[in-house]
Amino acid sequence: MLHELLLALSGLSGDLFVPFPPQPETATTFKIPPDFPFLHEAEKTSLERLAALGFYYRYIVLFLDRQRGRKECNTESKPVASDATEENTILHRGSYIHAFCNALNEVLVDFQKTVIECEIRILNKEDNMGGVVPVSQFVSAFGDYYIILPHLHQLIIEIEKNPLNYFGSRILNLIIERCNTGVPELRIIMLRILQACHEVMYKHITSWIVYGHLQDPFGEFFVKDETPKAHIKEHFNQSKWHRRFVLDESLIPNHIPLDVAKSIQFVGKAIATVRNSARPHEKNSTLPHSLSSLHLQHLLQLSSRPIFRQIELENVVTIIRDNVAQWLWQVVLTGDKVVECLEAFRNYFLLGQSDFALSLVEQFEKLTASRSMSSRILTIKEQELNSLLVRTSVGTLAENDPAFENFRFKLSTVSEQKTTTPNNIFDNVILGVPLRLEYDIGWPLDLFVTAEDLDKYGNIFSFLLSLRRTQFRLQRVWTHLAIAKKFGSVDNKLSNDKNYRMLMPWKVRAAMMFFVDCLWGHIQMDIIESNFRTLVNRINVSSTHYRRQRPTVTLDQSTISEKRTTNNDERMHINELETLRDFEDIRIGHATYLGDLLRGCFLESRVCSETIKTSLSICDQVCGLLERWNGYVIDDEKFSQIARLDNEFRNQVSFLFRTLSSVNKTGEGFGGPPRHLDQLLLRMDYSKWFSVWSV
């Protein structure tokens with residue numbers, strides 16, 4: 001009987017211990033047949049408890065065989081749930097489940113050793129009492145496994161029921177949950193399994209943040225390469241930095257904070273992007289060997305720890321991130337390159353170069369006038385617009401600016417027009433067709449500027465160009481009116497009605513000019529210039545800070561679990577200057593700067609942007625009427641048109657003033673009471689004229 005028990009403990013059924021319930025039902029344990037004689041009920045219960053351990057052992061062995069691709073020939077006592085479950089568990093194999101199986105196998109090896117030791121005792125008759133080996137000896141030998149094997153059995157069932165929920169690094173969540181137990185024997189086993197799975201996680205992290213390689217054939221790591229190998233070389237509007245390597249938050253284990261996962265993504269992305277984008281054998285195309293060896297040493301120390309501690313991983317990742325960010329900022333994307341790029345955007349996207357902006361408006365006015373005189377409907381082509389852009393630079397500072405060569409015009413296609421957002425409603429103001437200014441970003445600036453950033457710059461350019469064009473036309477109308485008045489016939493005996501009609505165009509133009517000048521001056525000085533100088537100063541201070549060549553941060557084994565400390569005086573100095581800590585901080589700072597520009601130009605408010613667009617359209621209509629005026633008394637038809645447009649303009653501007661005033665009081669729609677609204681309202685209403693006008 002004892003040998004039958006040893007066979008049952010080895011997972012094999014016999015005459016004494018048979019699968020229960022019998023076929024065709026799925027067996028859930030081993031039991032003694034009810035007609036077996038000579039056994040007391042207490043002995044039967046003890047033997048069946050021991051035999052149940054063999055059933056759990058067999059279930060785990062079959063699970064390991066399925067994961068290794070083996071098929072069990074003896075299907076008589078095969079305790080599997082269903083064929084569908086078997087198919088799913090095989091389909092979703094990976095490195096984590098393989099490490100999990102290896103750790104389970106080590107537990108089974110210890111169980112097998114215990115079975116062999118019991119058999120040796122029986123054969124050597126070491127523990128017999130008058131020729132009888134008591135069952136209590138078996139119960140004592142397998143005491144720990146009464147807790148361990150049922151727990152592992154339930155763990156495997158849970159994994160088989162939800163293979164997708166516990167695929168890859170997600171299995172760590174389940175194992176950590178099962179580690180939270182007050183049973184020391186079970187906790188030791190679960191920690192061994194957790195350590196085995198953590199070794200896979202550390203291998204993924206090490207390969208990624210030390211070498212920039214994604215060694216993840218089963219797609220289990222939370223950093224993904226979304227770019228097919230055939231399309232690694234991307235076009236101008238697809239940034240390698242932001243489009244290729246993405247973070248899959250569903251695969252981030254619960255004990256890894258999101259900030260740490262993003263830092264891991266940043267470090268590997270920096271190394272991989274620099275290596276893939278730089279020319280072969282370029283000096284700074286890879287991380288220095290001394291630095292990568294240091295990072296590898298830190299991670300190997302962590303992976304060898306029997307117990308995972310979150311704070312240790314956070315500190316090591318932070319150290320590695322700081323070192324890589326410093327290397328990236330110093331040798332790849334220096335502050336000078338970033339500032340030059342921002343200045344180019346300031347000059348051309350944001351129309352900071354006044355001679356270029358004026359020349360561009362004049363060229364567009366000439367193009368519009370030439371096409372209006374043509375009797376045929378002519379199609380505008382991108383080549384013609386880019387040729388116009390080159391002519392615009394002649395005689396301006398842009399003519400000798402190398403950065404200007406990277407700018408070009410693009411006409412949106414029909415498919416692109418369907419994806420129009422509220423921010424680009426000014427694209428068709430100049431020519432009546434969607435027109436965009438784009439910038440051909442190159443390496444390594446594409447690490448810093450995303451395609452979304454360039455799209456936002458294009459939206460701001462369309463708005464500013466529309467505003468500058470209206471301002472130019474109003475200024476040109478003043479010249480036209482002055483010349484018409486100078487050379488027209490002068491009658492000093494005009495009636496009051498005729499005198500009012502003579503002065504009315506000047507009055508309307510002056511009101512429109514005041515509004516446009518206030519808006520243009522506010523955006524250029526209070527919004528663009530102030531935010532631009534703040535960002536550039538922070539970048540320059542950061543560059544100066546990095547030029548100090550501070551030593552690479554290292555950690556020894558005794559300080560990994562402690563938080564890093566920084567010199568208080570240096571930290572206070574950096575905070576006072578509001579520096580941007582590293583490359584990623586500067587990129588985020590630039591995104592914030594760009595968001596402030598959009599809000600300052602009211603492009604994130606559909607109501608305000610449409611009101612401004614309507615007001616500019618009314619100004620253009622008035623300019624068209626006044627440009628055809630010969631300086632004499634305006635006839636009734638033209639007078640009524642100008643009066644109607646003037647009334648519409650007053651309504652639009654009054655609505656905008658009331659909207660901005662209410663927003664400035666409540667802070668709704670702009671993320672709090674924005675400071676720039678105070679400045680604009682002060683410009684417009686310094687004499688309280690708008691307050692009275694808007695009542």
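In the predicted model, strand β5, which covers residues 407–411, is largely enclosed by the rest of the structure, because four of its five residues are buried. Strand β5 pairs with strand β6 (residues 435–439) in the antiparallel sense, and five bridges join the two. Within this pairing, Phe 409 has Leu 437 of β6 as its bridge partner, and Arg 408 stands opposite Glu 438 of β6.

Strand β6 is likewise largely enclosed by the rest of the structure, since five of its five residues are buried. In a regular strand the side chains alternate between the two faces of the sheet. In β6, one side carries Leu 435, Leu 437 and Tyr 439, while the other carries Arg 436 and Glu 438; these residues are all buried, and both faces of the strand are therefore covered.

A link between strand β5 and the helical part of the chain is provided by Leu 360, whose contacts include Phe 409. Leu 360 belongs to helix α14, which runs over residues 354–373. With a relative accessibility of 0%, Leu 360 counts as buried. When residues up to four places away in sequence are set aside, Leu 360 touches Leu 388, Leu 389, Thr 392, Phe 409, Phe 461 and Leu 465. The C-alpha atom of Leu 360 is also separated by 8.7 Å from that of Arg 391, a residue 31 positions away along the chain.

At the level of the whole chain, the secondary structure consists of 24 helices and six strands. The chain has 695 residues, of which 51% are buried. Among contacts with a separation of 6 or more, 77% are between residues 24 or more positions apart. The accessible surface amounts to about 34500 Å², and carbon and sulfur atoms contribute 51% of this area.

Helix α2 comprises the 27 residues 41–67, and at 1.5 Å a residue these should span 39 Å; the C-alpha atoms at its ends are 39 Å apart, so the expected and modelled spans agree. Of the 27 residues in α2, 21 are buried, and the helix is therefore largely enclosed by the rest of the structure. Just after α2, Gly 69 adopts a positive phi of about 85 degrees.

Helix α8, formed by residues 184–211, contains Ser 207. Ser 207 is buried, its relative accessible area being 11%. A polar atom of the Ser 207 side chain lies 2.9 Å from the backbone oxygen of His 213. Apart from neighbours within four places in sequence, the residues in contact with Ser 207 are Gly 212, His 213 and Gln 215.

The cysteines were examined for disulfides, and the count is zero. A disulfide is a covalent bond between the sulfur atoms of two cysteines. For Cys 101, the closest cysteine sulfur is that of Cys 197, at a distance of 9.1 Å, which is too far for a bond; the cut-off applied is 2.5 Å. Cys 101 counts as buried, with a relative accessibility of 3%. Cys 118 is buried as well, at a relative accessible area of 6%.

Technical notes. Residues numbered from 1 in each chain as written. Predicted model: local features only at pLDDT ≥ 70, side-chain atom pairs only at ≥ 80, totals over all residues. Heavy atoms only, no water. Buried < 20%, exposed > 50% of the residue type's maximum accessible area, 1.4 Å probe, protein only. Pairing = 2+ DSSP bridges. Polar contact = N/O pair within 3.5 Å; in protein donor to acceptor, adjacent residues only side chain to side chain. Contact = heavy atoms within 4.5 Å. Areas by Shrake-Rupley, 256 points an atom, 1.4 Å probe, with all protein chains shown as cover. Expected span 1.5 Å × (residues − 1).
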